[in-house]
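User: I am new to this structure and would like to go through it step by step. Could you take my questions in turn and explain how each answer is reached?

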Protein chains: 4
Amino acid sequence: MYSFKNDYSEGAHPNIMQALLKSNLEQTVGYGMDSCCEDARRSICEKIGRQDADVHFLVGGTQTNLTVISAALRPYQAVISAETGHICVHETGAIEAAGHKVIAVAAENGKLTPQLIHNTIDVHTDEHMVQPKMVYLSLPTEVGTIYSKQELEDISVCCKENGLLLYVDGARLASALTAQGCDVTLADLARLCDAFYIGGTKCGALFGEAVVLLNNAMKQDFRYMIKQRGGMLAKGRLLGIQFGELFRDDLYYRIGQHANRMAALIKQACQSEGFTFVTDSVTNQQFPILPDTVLEEMEKNYLFEVWEKRNDGYTAVRFVTSWATCEENVLQFCADLHNACMSRKA
Amino acid sequence: MYSFKNDYSEGAHPNIMQALLKSNLEQTVGYGMDSCCEDARRSICEKIGRQDADVHFLVGGTQTNLTVISAALRPYQAVISAETGHICVHETGAIEAAGHKVIAVAAENGKLTPQLIHNTIDVHTDEHMVQPKMVYLSLPTEVGTIYSKQELEDISVCCKENGLLLYVDGARLASALTAQGCDVTLADLARLCDAFYIGGTKCGALFGEAVVLLNNAMKQDFRYMIKQRGGMLAKGRLLGIQFGELFRDDLYYRIGQHANRMAALIKQACQSEGFTFVTDSVTNQQFPILPDTVLEEMEKNYLFEVWEKRNDGYTAVRFVTSWATCEENVLQFCADLHNACMSRKA
Amino acid sequence: MYSFKNDYSEGAHPNIMQALLKSNLEQTVGYGMDSCCEDARRSICEKIGRQDADVHFLVGGTQTNLTVISAALRPYQAVISAETGHICVHETGAIEAAGHKVIAVAAENGKLTPQLIHNTIDVHTDEHMVQPKMVYLSLPTEVGTIYSKQELEDISVCCKENGLLLYVDGARLASALTAQGCDVTLADLARLCDAFYIGGTKCGALFGEAVVLLNNAMKQDFRYMIKQRGGMLAKGRLLGIQFGELFRDDLYYRIGQHANRMAALIKQACQSEGFTFVTDSVTNQQFPILPDTVLEEMEKNYLFEVWEKRNDGYTAVRFVTSWATCEENVLQFCADLHNACMSRKA
Amino acid sequence: MYSFKNDYSEGAHPNIMQALLKSNLEQTVGYGMDSCCEDARRSICEKIGRQDADVHFLVGGTQTNLTVISAALRPYQAVISAETGHICVHETGAIEAAGHKVIAVAAENGKLTPQLIHNTIDVHTDEHMVQPKMVYLSLPTEVGTIYSKQELEDISVCCKENGLLLYVDGARLASALTAQGCDVTLADLARLCDAFYIGGTKCGALFGEAVVLLNNAMKQDFRYMIKQRGGMLAKGRLLGIQFGELFRDDLYYRIGQHANRMAALIKQACQSEGFTFVTDSVTNQQFPILPDTVLEEMEKNYLFEVWEKRNDGYTAVRFVTSWATCEENVLQFCADLHNACMSRKA
């Protein structure tokens, strides 16, 4: 069995494991105030070209989203998200548990637009309704698509004009930054957002997400928020060491590139057989719509997620690749897919 | 410089690092549903002699406390804690942020008693006040003391008679279970509590706490709570692997024993010089009250925490040991302490 | 100027004012434990034919909804509502502020159906998503429509089969119960729901809503919830006196009938001119779509709310009637509407 | 039976009842935007000499406290209160339910001091603890005492120097402002506090508390907070009308004076018999410590609260007076007390 279920099936990139091992017996202070974290922060600030950014390391994505969002909003304020957004669907109401409404917006290809944001603002007119105050978007989106630099610029302008904060969830940011056709850089994110996070868990680390705060108001007392929400790791150095490695010699980008290349092979294999996709993903998640008979065959050797059941003999599925995905296994998968399609036609 | 500041200054016990390294490229499913977690759960259930216990792995202590407590209480219910309790003092109001009052009780040696619990219940008489529903205690306490089996039995009876849940925070449980004079076992905790957690972070792991739920009502939907509060690790196997190692060949106990033995050396050194202590700790935290002149000398080579400033030329300080504390360094520390005391008298 | 803006433009029905005045100097105990509240509870229990119901009096609708819903749900549980539901739109995120997601469902005529509920359950599959646990519906709906007894029976069966609680918001219940074609009684609500509330504020009282709890689990400690959420009135007798009057000699029904009759006059006037409506309301809110030129004329003498601006020269507006709406003014309104339409055609 | 149990045993001052009756059929807009509320706001602003104050009307005290405090604090911030403070004891954890820790401080006579505030700040040193951000005090205190102008000045200076907000709970403010020896005025409160509230419920109204906001940051979007917490009354005019009356011709002060004069009679009666008191109250609550035998006698004709049971044959009790307390009944009470004491000695 080989798994394409997700990008957290294995441990961490070997560079990271080595760094953890090597430093294991060194003594450091706790809670992210150590020199490993300091070094990693410096690397990230250099990469984004903003010495004034605050960088904090947290363990996981849901924790990061709930901490950032609840730090930014007053109790009656709400966050706007595409209805496919991770905070809308897959965080068990963590944002609501922190007291805030997530305003879910139907959005093509999982992408918000200035028009959608405007429409949302327009219907929230007074104190009998929540006050939209933040725009949350994911790069890449939960359905594998990306925003162009121009699209982000437009959203950023729309946010500024309307007093909204812009926050980008970069759980799979390595994949977006290195995707074919992507013209967005870390420096662009720092310029256009109030806050964003650089995902580690799904991009080669054992765990960890690096929150980058640009907005001064959001910086204040952020460590209180991390601690209160249970996100302050005692051995914080583990996060510093990992992000130090991810941003040494562009490892983060190489991880994204590899995952994307593996995903592209799967995409091409599906396209060759003439199948369509839920979205035109250029990142490490692919959502082909495959015949049930073919899937039955593929399930014998591969793990993957059912995305959406249909009633026409086809099912949308999801294949995810990562830094650890083995090219050999992918090529075998492609060959097996072709064979399954052949048998079907026969 | 050698640090006695805390028990999370280093990485993890070498056995754990080796296990992580060895399994690094194996594929597993996410979120704690993998076989490593299953194995670790089985080990723990055997150790406590309760096959019906639910065991969940979380990353850190504050996260664990807020998740367990908010899972157990209805909105108007409160938790009783010694005023030195971790949830009272050092979790940035995490329990209150989850909506619940922590009723702080002044308690000698950091230890609750049936009498103190009764007094608290007596003054909470109707719906204009919160309803006490849970007793939280720490083993060892935050000031290094432990409860005897009889003391825990009495508290457990008191809780049952008054419809209170009993929850034990075992952040440093390895140290308590192996402390001189301790007659409490994991099986006792399982018998007497509704829930408790076995600390990993401060007992040899990189991170991780194992929640053991005995009360059936608390078991229901607990994974929803973990996910919502941001405590569900994507690569959950990391927790399973670590607890698997901690409970292989009694490593957990050996870790506690070593830490305690190192702490006892420090304790004896202080006693030899005639110094007193904040509490009579038998675990891996020692709280001697030392002359300021001696501390000035010791600060040159050792890191430790100031516990309480006084105005009589003495200061209460805290020395913490762990699995990683090196005997050589401790012996040097004891010698240095003796020398500092000699110079002082001279 | 005459206002059709809402059903809380005036004070209270004269019977209520008299009762308040008459009892003003009598001494009673506080917080709803007085004999006036006891009497009103008894009246309501008789009316619904359920001696086992718990009846609590709160001040306003948002307060009532947030108290009932947060009393019923565990932290990760969510409430299903039509997207036009009051809790979805007009309560400033009060339910989310209490920690719970409101799952908004697009629903024709503001009405939920078993099918819509099923669809919602189907997509909430595991602990990465909230757990739907309650169905919230309004009778009448926020757009003036009502549920038939059979529709409520079907929803109730669907809820029971799926372990969902059913809660009905009766802010304007007097109007629904007396609407043309309504075959639902208070006894039906008590039989089919786990909880519902009988609206006072919009049905003739100065303020006040009577929560009726049928589900035993929801009854437990409900007064703690009321007090904690700030809904326990010190002079609770004011609520008892008002509901006592509302349920004396069927005043509540007479209030609904009058409001409905006034609304029907407005409806007929609009229909006579050939105008259409947003919904086919049989209750005290009417949502005609009127020409902008006519509205300009009517605005000179009447207050009402714009419901939805359109781009075709028409605007949907809302006219609301109440126990206090004066027939004379309504007839004048109808005449004025006719004249405005005549001038327009001329 | 005559009740001295509390100051909310009757309805409202006759002036208020007449004003409500007189305006009953007038149409106004909802939610406190009507001209009655505007007028009352203007009266209060004049009284306090601050045209820039924002005045909002809420229904009850717990609601007011939770709304003001949660509007002012970020999630990790806490409020300092005397341990006898209403928010500490008698609001069922409403502040904690809004996410904030109440730091309870042991305080003589229920009164905070700069020293107590300093001590609290000193032990809250970093992000592992909550951040004290607001001081809450009650005037009069829950045990009937008052602060002098100098005491309030000193606390205000202490707050400003330490970046703390000062909030005064004036549930029984009428009694404090007119107490013997009180040199504090409404204008002083406006000058020294960031926010305070003028109690109506316990000072002659049917219900209602007027929040006065001086701090500009606290003013922002306060109506969103009121609405979200369920405190926005649909028929908001009821609050405007009541506060309009309370501040017409100094009715508020006359109410306080009468209550205090009635309380003083009770105090003198107890003093004449040589009894002591829990506190030296100058306001409308008296806490004498009376012989159990005398109390047994008095219970036959009077209702009052037991404050604290003792083991020496005496019990501390509470007698409360109000605008409605009848002098005739008080004189009878004093005579009965004297007789009971006589029989006891005989």
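User: How many residue pairs are in polar contact across the interface of chain D and chain C?
Analyst: This is a predicted model, and the pairs counted here are those in which both residues have pLDDT 80 or more. Under that condition, the number of residue pairs in polar contact across the interface of chain D and chain C is 26.

User: Which helix gives the most to the side of chain D that touches chain C?
Analyst: Several elements of chain D supply at least two residues each to the side that touches chain C, among them strand S1 (2–3), helix H3 (61–72), helix H11 (222–228) and helix H12 (237–246). The element that gives the most to this side does so with four residues, and it is H1(D).

User: By class, how many polar residues has the side of chain D that touches chain C?
Analyst: Divided by class, this side of chain D has 21 nonpolar residues and eight charged ones. The remaining class on the side that touches chain C is the polar one, and its number is 16.

User: What is the count of salt bridges between chain D and chain C?
Analyst: A salt bridge would need a side-chain nitrogen of Lys or Arg within 4 Å of a carboxyl oxygen of Asp or Glu. Although the side of chain D that touches chain C has eight charged residues, the count of salt bridges between chain D and chain C is zero.

User: What area do chain D and chain C bury between them?
Analyst: The contact involves 45 residues of chain D and 46 residues of chain C. In chain D, the residues that lose the most area to chain C are Tyr8(D), Gln27(D) and Lys235(D), which together make up 18% of what that side buries. Carbon and sulfur atoms account for 58% of the area buried between the two chains, and that area is about 3,900 Å².

User: What rotation superposes chain D on chain C?
Analyst: The superposition of chain D on chain C has an RMSD of 0.0 Å, and the shift along the axis is 0.0 Å. The same surface serves both copies, as 100% of the contact residues of chain D recur in chain C. The rotation that superposes chain D on chain C is 180°.

User: Turning to the other pair, which residues of chain B lose the most area to chain A?
Analyst: Between chain B and chain A, 46 residues of chain B are in contact with 46 residues of chain A, and the area buried is about 3,900 Å², with 58% of it given by carbon and sulfur atoms. Three residues of chain B together hold 18% of what that side buries, and those that lose the most area to chain A are Tyr8(B), Gln27(B) and Lys235(B).

User: What relation do chain B and chain A have?
Analyst: Chain B can be laid on chain A with an RMSD of 0.0 Å by a turn of 180°, with a shift of 0.0 Å along the axis. A half turn without a shift defines the relation, which is therefore that of a two-fold axis.

User: What is the radius of gyration of chain A, and why does it agree with a compact globule?
Analyst: Chain A has 15 helices and 14 strands, and its C-alpha atoms fill a box of roughly 65 × 55 × 35 Å along the principal axes. Because a compact globule with 346 residues would have a radius of gyration near 20 Å, the value for chain A agrees with that expectation, at 21 Å.

Key. Residues are numbered from 1 along each chain as its sequence is written. Chains are lettered from A and ligands numbered from 1 in the order in which they are written. This is a predicted model: local features need pLDDT of at least 70, side-chain atom pairs count only at pLDDT 80 or more; totals for chains, interfaces and linings use all residues. Side-chain values use heavy atoms; hydrogens and water are left out. Contact means heavy atoms within 4.5 Å. Buried area is the accessible area (1.4 Å probe) that two parts lose on being put together, summed over both. Copies are superposed by least squares on the C-alpha atoms of residues with pLDDT of at least 70 in both. The radius of gyration is taken over C-alpha atoms; the globule rule is 2.2 Å times the number of residues to the power 0.38. A polar contact is a pair of N or O atoms within 3.5 Å; within protein, one must be able to donate a hydrogen and the other to accept it, and residues adjacent in sequence count only if both atoms are side-chain atoms. Ala, Val, Leu, Ile, Met, Phe, Trp, Tyr, Cys and Pro count as nonpolar, Asp, Glu, Lys and Arg as charged, and the others, Gly among them, as polar.
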